[in-house]
Amino acid sequence: MSVLPAQAAAPSRRGGVLDVVRRRPVLSFFVLAIAASWIAWIPYVLSLHGLGVWDLRFPGDEGGQLLGMLPGAYLGPIGAALFVTAVADGRAGLRAWARRLWRWRVSWRWYVGILAGVPLALVLSGLLFSGGEVQVPSAAVLAALVPGLLMQMVTTGLAEEPGWRDFALPRVQRRIGGLGAALVVGVLWGVWHLPLFLTSWGGYPEVPWFRPVAFVAFCITFSVVMTWVFNRTGQSLPMSMLLHVSINNFASVAWADVFPGMGRDTVQSALLVAAGVGAVVVLVRSRGDLGYRPDVTPGVHGQPSPQPAATTGLAREAARLS
């Protein structure tokens with residue numbers, strides 16, 4: 001369990017808006033993360049990549065996502081987490097938050113499980129919807145998987161996971177447990193994406209009503225798997241990022257080559273099934289707690305180690321203040 005340093009638990013109080021952030025850091029984070037991204041995405045939504053109200057086209061990729069969507073993604077979750085941590089926890093809290101961004105030291109089994117398990121799970125799920133139309137990916141596609149993964153880590157992974165998993169998840173699960181936190185974070189994570197369904201990112205203008213609903217359902221079920229991995233790896237943010245972007249990378253780089261006849265909404269159904277099966281498996285394996293242990297801290301390799309009594313008391317006090 002991540003524990004805020006003692007000196008970060010009692011910042012000076014000046015009243016006003018910043019005092020609300022100090023007293024309600026979790027609520028402040030969710031409001032700021034969603035509001036900042038939605039406001040920043042207004043030009044993208046109104047551009048020719050979206051509703052077409054403005055005669056504006058973002059340069060770069062065909063869908064304008066790199067310059068149209070990504071700045072708002074950075075401004076939202078990671079920006080909100082950085083701001084709220086600075087206001088609520090001060091410099092000590094920022095140092096603790098930054099250290100968790102670099103918690104790469106976990107068992108090699110997690111790397112193998114994520115990097116090999118995610119493509120395998122997606123292929124097996126895709127086979128259910130492929131109608132037998134499946135092929136081996138080309139050498140060019142296989143060669144693009146590694147650079148695509150690295151690109152996703154510094155774009156999608158870095159923009160989102162320091163907020164949803166590193167900032168919000170530990171605080172929420174201290175209050176309502178691992179499963180409750182997974183559902184809350186999953187819902188808000190999914191809702192955060194909704195304006196993008198008015199752009200080429202979501203396939204606009206041909207967006208059936210059930211597509212955003214299915215996407216939010218995917219975020220909720222996948223959040224259960226993400227929470228289990230986060231807790232079982234000693235709250236390793238890099239592992240959460242790697243799990244997240246492994247899904248994105250395979251879907252964007254290899255899926256169309258492996259399943260050439262599959263439409264967008266069928267792909268979403270396959271992803272939802274894969275996430276749903278994964279959620280059931282980890283719920284059964286963890287007996288419903290998703291690996292969350294309120295009275296232990298993560299060990300060096302992500303395995304829980306007992307806390308001294310004084311540290312446990314500090315954790316409870318930090319939970320009360322958060």
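Me: Before we get going, what goes into a patch here?
Reply: Patches are made of residues with over 30% relative accessible area and no salt bridge, and nonpolar side chains are joined within 5 Å. Keep in mind that we're looking at a predicted model.

Me: Got it. Which residues form the nonpolar patch on the surface?
Reply: That patch consists of I39, I42, L51, V53, W54, L56 and L198. Together they have about 610 Å² of accessible area.

Me: Let's pick V53 from that list. Where is V53 found, and is V53 buried or exposed?
Reply: You'll find V53 in the loop between α3 and α4. V53 counts as exposed, because its relative accessibility is 56% and the cut-off for exposed is over 50%.

Me: Nice. Zooming out for a second, how many helices and strands does the chain have?
Reply: There are 11 helices and 2 strands. Along the sequence the pattern reads α-α-α-α-α-α-α-α-α-α-β-β-α.

Me: And what share of the residues counts as buried?
Reply: That would be 49% of the 322 residues in the chain. As for what the chain exposes, the area is about 14,900 Å², with carbon and sulfur atoms supplying 68% of it.

Me: What about contacts between residues far apart in sequence, what percentage do they account for?
Reply: Taking contacts with a separation of 6 or more, 77% are between residues 24 or more positions apart.

Me: Okay, on to aromatics. How many aromatic pairs are there?
Reply: The count is 17 aromatic pairs. One of them is F29 with W164, which is edge-to-face, at 5.7 Å centre to centre and 80° between the planes.

Me: Which parts does that F29 and W164 pair tie together?
Reply: F29 lies in helix α2 (residues 25–40) and W164 lies in helix α7 (residues 139–192), so the pair ties together parts that are 135 residues apart in sequence. F29 is buried, with a relative accessible area of 0%, and W164 also counts as buried, at 0% relative accessibility.

Me: How about Y44 and F58, how are their rings arranged?
Reply: Their ring centres are 5.9 Å apart and the planes are at 75°, so this pair is edge-to-face. Y44 sits in helix α3 (residues 42–46), while F58 is in the loop between α3 and α4, 14 residues apart. Both Y44 and F58 are buried.

Me: Back to F29 for a moment. Which residues form one aromatic cluster with F29?
Reply: F30, W41, W164, F167 and W192 join F29 in one aromatic cluster.

Me: Which charged end sits over the ring of F167?
Reply: That's R171, whose charged end is 4.0 Å from the centre of the F167 ring. There is also R165, which lies over the face of W189 at 4.4 Å from the ring centre.

Me: Switching to helix α2, what does W38 contact beyond its neighbours within four places in sequence?
Reply: W38 is in contact with V191, W192 and P195. The C-alpha atoms of W38 and L196 are separated by 8.9 Å, although these residues are 158 residues apart along the chain. W38 itself counts as partly exposed, at 35% relative accessibility.

Me: And S37, is S37 buried or exposed?
Reply: S37 counts as buried, at 0% relative accessibility. S37 also lies in helix α2. Apart from neighbours within four places in sequence, S37 is in contact with G72, A73, G76, P77 and W192.

Terms used
Residues are numbered from 1 along each chain as its sequence is written. This is a predicted model: local features need pLDDT of at least 70, side-chain atom pairs count only at pLDDT 80 or more; totals for chains, interfaces and linings use all residues. Side-chain values use heavy atoms; hydrogens and water are left out. Rings of Phe, Tyr and Trp (its six-membered ring) pair if their centres lie within 6.5 Å; planes under 30 degrees apart count as stacked, over 60 as edge-to-face and the rest as tilted. Helices (H or I, at least four residues) and strands (E, at least two) are DSSP runs, numbered from the N terminus. Buried means under 20% relative accessible area, exposed over 50%, partly exposed in between (1.4 Å probe, protein chains only). A charge sits over a ring if NZ of Lys or CZ of Arg is within 6 Å of the ring centre and within 35 degrees of the ring normal. Contact means heavy atoms within 4.5 Å. Patches are made of residues with over 30% relative accessible area and no salt bridge: like charges are joined within 9 Å, nonpolar side chains (Val, Leu, Ile, Met, Phe, Trp, Tyr) within 5 Å. Accessible areas come from the Shrake-Rupley method with a 1.4 Å probe; for residues, only the protein chains shown count as cover. A salt bridge is a side-chain nitrogen of Lys or Arg within 4 Å of a carboxyl oxygen of Asp or Glu.
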